[in-house]
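Hi there,

Here is the structure I promised to pass along. Have a look at it first, and my notes follow below.

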Amino acid sequence: MDFSSAPLNDSSSGWIKHWKQITDEFKPDREVDTWFLMGSPWPMMVILLLYLQFVLKSGPEMMKNRPPLKLRGLIIFYNTFQICLNGALFFSCFGTPGFVSYVWRECCRPTAVAVSPQEAAHLLLFNRGSWWFLMAKVLDLLDTVFFVLNKKNSHISFLHVYHHSSMMLTVWFGFKYIRPLHSTLPGVLNALIHVIMYTYYLVSILSPGIGKKYIRMKMIVTRLQIVQFVVILAHCTAVYMNCPVPRSIIYLLFFHVTAFLILFLNFYIKQYIIKKGNNHELKSSTKKVS
C-alpha cells in the first residue's frame, strides 16, 4: 500500500508546518561552526552527561569516606577569573564605540546583517562575545564540582543543577543556530549579575565570617537574579510583539526564564521568608522559656 499520498489531518499538517517554520529559522554560521565546541552538539552532550554523572553519583560516592579537599586557593582563582571574564563581557559591549547603537538598530531583524566594515566588526564582536559567554556557562559547572569535592552536598539542589545544565545548553543552541542580536541584553545583564555574585563568593572565602555577618548580601544577590528574570521576560515579550525575529529562540527563552523565575522565587520564599519566620518564632519561644 502506498502511504506517500495519504492525506494528513489538519492537526498533523499544522504541527508539521509549524515545526518546519521553526527549523527553517536554524541558520548555522560556517565560521562559527569551526570554533571550539560549536561544530556538533555531541561534545556539549558529553560534557553535560559527565557533569551529571559526577555531581549526582560518582563524585559524592568518591568523597563519601574522604575528608573535604583543600581547594581554597583554586576557588579564589576561579572566582577571580569569573569576575574578570564576566566583567570583560559586560564592558566590551559598552566600551566599543558604536556597538550598542548597532545592536539597537539591528536587533529586530530576522538575521543580523553587516553592510560596512564597522558593522562587520560589530557582528564579529557579538559572535566572539557570545562564544566567550558560552565558555563562561561551561565554567559555571565547576561551581557544583567544587561543592562535591568540599562535601557540601546540601548545596547541590535541583535548582542548582538545572540552572547550570540548562543555561549551558540554551546558550549553545541559541549561538549555534540563531545568534539573535536581541539576546545581547539578556547576556549582558546575566554577565553583570555574575560579576556581583562571584564578587560576593570571593569576599566570602577571603573573609569567612562575612557570609554569616552579611547574610543580607546573599539575599540581595538572589533578589537581583529574580529581577533579572523579570526584565528578560519583559524584553522577550517586547521583541515577540514587535519584531519579526526567529520564534524558536523566543519560545525557548520564555520557557527557560519562566522556569528559572518560578524556581528562584520558590527558593527565596523558603530560604528568606518561611525560614526567617520560623527562626524568629524559635527565638521568641526561647526567650519566653528563659
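Is cysteine 108 buried, partly exposed or exposed? In this predicted model, cysteine 108 is partly exposed, with a relative accessible area of 29%. Its disulfide partner is cysteine 243, at an S to S distance of 1.7 Å. Cysteine 108 sits in the loop between α5 (99-106) and α6 (117-140), while cysteine 243 belongs to the loop between α11 (215-242) and α12 (247-289), so the bond ties together parts that lie 135 residues apart in sequence. Cysteine 243 counts as buried, because its relative accessibility is 6% and the cut-off for buried is under 20%. The total for the model is one disulfide.

One more cysteine may catch your eye: cysteine 93 is buried, at 11% relative accessible area.

Now to the pockets. The largest pocket has a volume of about 1,500 Å³. Its lining comprises 42 residues, and those closest to the centre are Phe147, His155, Tyr200, Tyr201 and Lys218. Which helices each supply at least two residues of that lining? They are α4 (72-95), α7 (142-149), α8 (158-178), α9 (184-206), α10 (209-213), α11 and α12. As for the character of the lining, 19 of its residues are nonpolar, 17 are polar and six are charged.

The loops that hold cysteine 108 and cysteine 243 are a good place to start browsing, and then you could turn to the pocket lining around Tyr200 and Tyr201.

Happy viewing, and best wishes

How values were computed. Residues numbered from 1 in each chain as written. Predicted model: local features only at pLDDT ≥ 70, side-chain atom pairs only at ≥ 80, totals over all residues. Heavy atoms only, no water. Disulfide = S-S within 2.5 Å. Helix = DSSP H or I, 4+ residues; strand = E, 2+ residues; numbered from the N terminus. Buried < 20%, exposed > 50% of the residue type's maximum accessible area, 1.4 Å probe, protein only. 1 Å grid on protein atoms, 1.4 Å probe; cavity = no way out; pocket = protein on both sides within 12 Å on 5 of 7 lines; lining within 4 Å. Points joined across faces, edges and corners; volume = space filled by probe spheres on them. Nonpolar A, V, L, I, M, F, W, Y, C, P; charged D, E, K, R; others polar.
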